[in-house]
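Open your viewer and follow along, one selection at a time. Each stop says what to pick and what is there.

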Amino acid sequence: MPSRTDSPPRVAVLADSDTRWKWGALTAYRLQPGSRLDGYLLRGRATPTVRQLDEVGARADALREIRGIDFLDTMERAARGTGPDRCDVVVLACVGGAVQAMLHGLARAWRGAERRPVVVTGYVGVVYEKLADGLLLRHGADVVLANSRHDAERFREVYHGVGAATGSVVECALPFLGGAPYGGEHTPYTVVFAAQPSVPENRADRTYLLRRAVEHARRNPGREVLVKLRSRPGEHTTHIEELPYQKLAGRIPGGLPANCRLVYGNMGEVLDRTDLMVTVSSTAALESLHRGIPTAVLTDLGIREALGNHHFLGSGCLVSWDELDAGRRPEPDPAWLARQGVAASGAPGAAPHDAYEHAFDAARDRVGELRTADRLPPITPYYTPRTAPGYLPGILARYGLDPQGAPLTGYTEAPQEAGGLRRFARDTVREAARGAYRHGVQRVAPAIRRWGQL
C-alpha cells in the first residue's frame, strides 16, 4: 500500500449546519495544510442552503449532501482504498448525537481494516452548556479539539471524572479568528449588534434587545448601527430561530431609523468596519476581541447560564446598553483573553496574531503522528450498549443505526439521492419542502405550545 505521505492528504469533513461546516472546513485546513478537502453535508433540519454556504466562504474540492448511513458507506470504502479513493483524516463537525452515531458507525465500518483515517471532532464555539453531555458524546474520536486552555482543562476533567481516557483532548483555538487588527474609528462610527438565533428565546427579550439597538441609533444620528443576522426567514442555522429579528423589526414603532439596518454577510467582512461589537454571548465576540475591537457582552437580561454570557465572567466585557449609551467602552482583561485562546501573547515579543498561528501546532503534530502510525487502535466510545443502555440506542436510531452501529432495516433500502448541491433544480424543490417544515417548527409548533398553556 502506498505511504500516506506520498501525496497530499485527503480530508473528509462531515457537517450538519452552516457554522459547523465553517468550523470543520477551516479546522481541516489548519490541521492538514495543502490537503484535498471532500465536504459532506449531513441531511437534516439545519442542512445549509447554497446562500449560507456562499456567506460562510469555506471552500471544498468537492461538496455534496448525504445521509449518515451513506457517509459511513463512503468512509468504509475510503479506508480500504488507495489513491483518489483513500481518506486520511475525518473531521466530524456535527452536533454531539451525530458525532456519537458516526463514531459507532465508523467503528463497525473499519473493523478489521489494515489502516483507517484519523478521526477529529470538537466544538464550533463557546462551550457554555451541556458540557458533560456533549463531551461524552464526542468521546471515541482520536482527537477532541479544545478551543482554548480553559476548555482543554474542563474537557480533561470531565473525561477523568468518568474514568475515560483523556489523551484525545488537544488544545488549539477557533480556526476562524483572524482578519485585520482594529486600526481606529471609521466614518461613520459603526456599532454592530450580533444577533443569535436562540439567545434569548422569548419575544419580549428579543424585542427589548432590538429596541435598545434602535434607540442607540436614534440617540447617535452620526453613527451607523447594524443588526447582524445569521439567516434569512426560512433558513436554519445551528440553532432553531423561532422569532426572527426580521419580523420583530417590522413591529418597531416608527420603523428603523435611516442609520439602523439589518445586514447579512460574512462576519469577517462586517468586522472590517466595526467600531463597537455588541452581543449577548455570540462567538462573534471572540472574533471581535481577537482583532482588538471594543466588545460589549450585554448584562441587560442578567448574567445567566441560559444566555451563555456567564462564560464572559472575568473578561471585562460585561456591560449594559445604558452604560454603552453613556459612552462606556469595555476594556478586556488580558489574562482572560489568553485563557480563551484569543490574541494570546505567546512568546515574549511575539505579536498576538503570530501566537495565534502557533495555536494549532500541537493539534497538527498529533494528527500527523496518528496518520503515520503503523496501526491505530479501534474506535472505542465511552458510551456503549452496556454503559448507556437506556440512552445510546435512541441516539443511534435517530441516524439510522442499531446499537451495534449497523444500518437499521429500511434505511439502506432507500436510495441515496444523487447530485447534491450541484443539482439546482432539485435544490429548489428541496428548499421549498424545507421551508414548509421550518415554518411548522418556527411558527406552528410554538403556537400550539402556547395554546396548550392557556
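**Stop 1: a threonine in α1**

Select threonine 27, which lies in helix α1, residues 18-31. Keep in mind that this is a predicted model. Is threonine 27 buried or exposed? The cut-off for buried is under 20% relative accessible area. Threonine 27 has 4%, so it counts as buried.

Now show its side chain. The side chain of threonine 27 reaches the backbone oxygen of tryptophan 23, at 2.7 Å. Next, add Leu145 and Pro175. Threonine 27 touches both, leaving aside residues up to four places away in sequence.

**Stop 2: α3 against α4**

Select helix α3, residues 68-80, together with helix α4, residues 96-109. Their axes are 9 Å apart, and the helices pack at an angle of about 40°. The two helices are therefore oblique to each other. Their crossing is right-handed.

Which residues make the contact? From α3, show Gly68, Phe71, Leu72, Met75, Glu76 and Arg80. From α4, show Met102, Gly105, Leu106 and Ala109. Colour this contact by class: six residues are nonpolar, two are polar and two are charged.

While the helices are on screen, look at the spacing along a helix. An α-helix has 3.6 residues a turn, so residues three or four places apart point the same way.

**Stop 3: α4 against α5**

Keep α4 and add helix α5, residues 131-138. Here the packing angle is about 20°, and the axes are 7 Å apart. Angles under 35 degrees count as roughly parallel, and that makes α4 roughly parallel to α5. The crossing of α4 and α5 is left-handed.

Pick out Gly96, Gly97, Val99, Gln100 and Leu103 in α4. They meet Leu136, Leu137 and Arg138 in α5. By class, the contact of α4 with α5 divides into four nonpolar residues, three polar and one charged.

**Stop 4: α10 and the glycine after it**

Move on to helix α10, residues 284-291. How many of its eight residues are buried? Eight of the eight are, so α10 is largely enclosed by the rest of the structure. Step through them: Ala284, Ala285, Leu286, Glu287, Ser288, Leu289, His290 and Arg291. Glu287 and Arg291 are on that buried list, and so is His290.

Last selection: glycine 292, just after α10. Check its backbone. Glycine 292 takes a positive phi of about 85°.

Key:
Residues numbered from 1 in each chain as written. Predicted model: local features only at pLDDT ≥ 70, side-chain atom pairs only at ≥ 80, totals over all residues. Heavy atoms only, no water. Axes fitted to C-alpha atoms, helices over the stretch in contact; angles between N-to-C directions. Helix = DSSP H or I, 4+ residues; strand = E, 2+ residues; numbered from the N terminus. Parallel < 35°, antiparallel > 145°, perpendicular 65-115°, else oblique. Left-handed = near helix turned anticlockwise from the far one by under 90°. Contact = heavy atoms within 4.5 Å. Nonpolar A, V, L, I, M, F, W, Y, C, P; charged D, E, K, R; others polar. Buried < 20%, exposed > 50% of the residue type's maximum accessible area, 1.4 Å probe, protein only. Polar contact = N/O pair within 3.5 Å; in protein donor to acceptor, adjacent residues only side chain to side chain.
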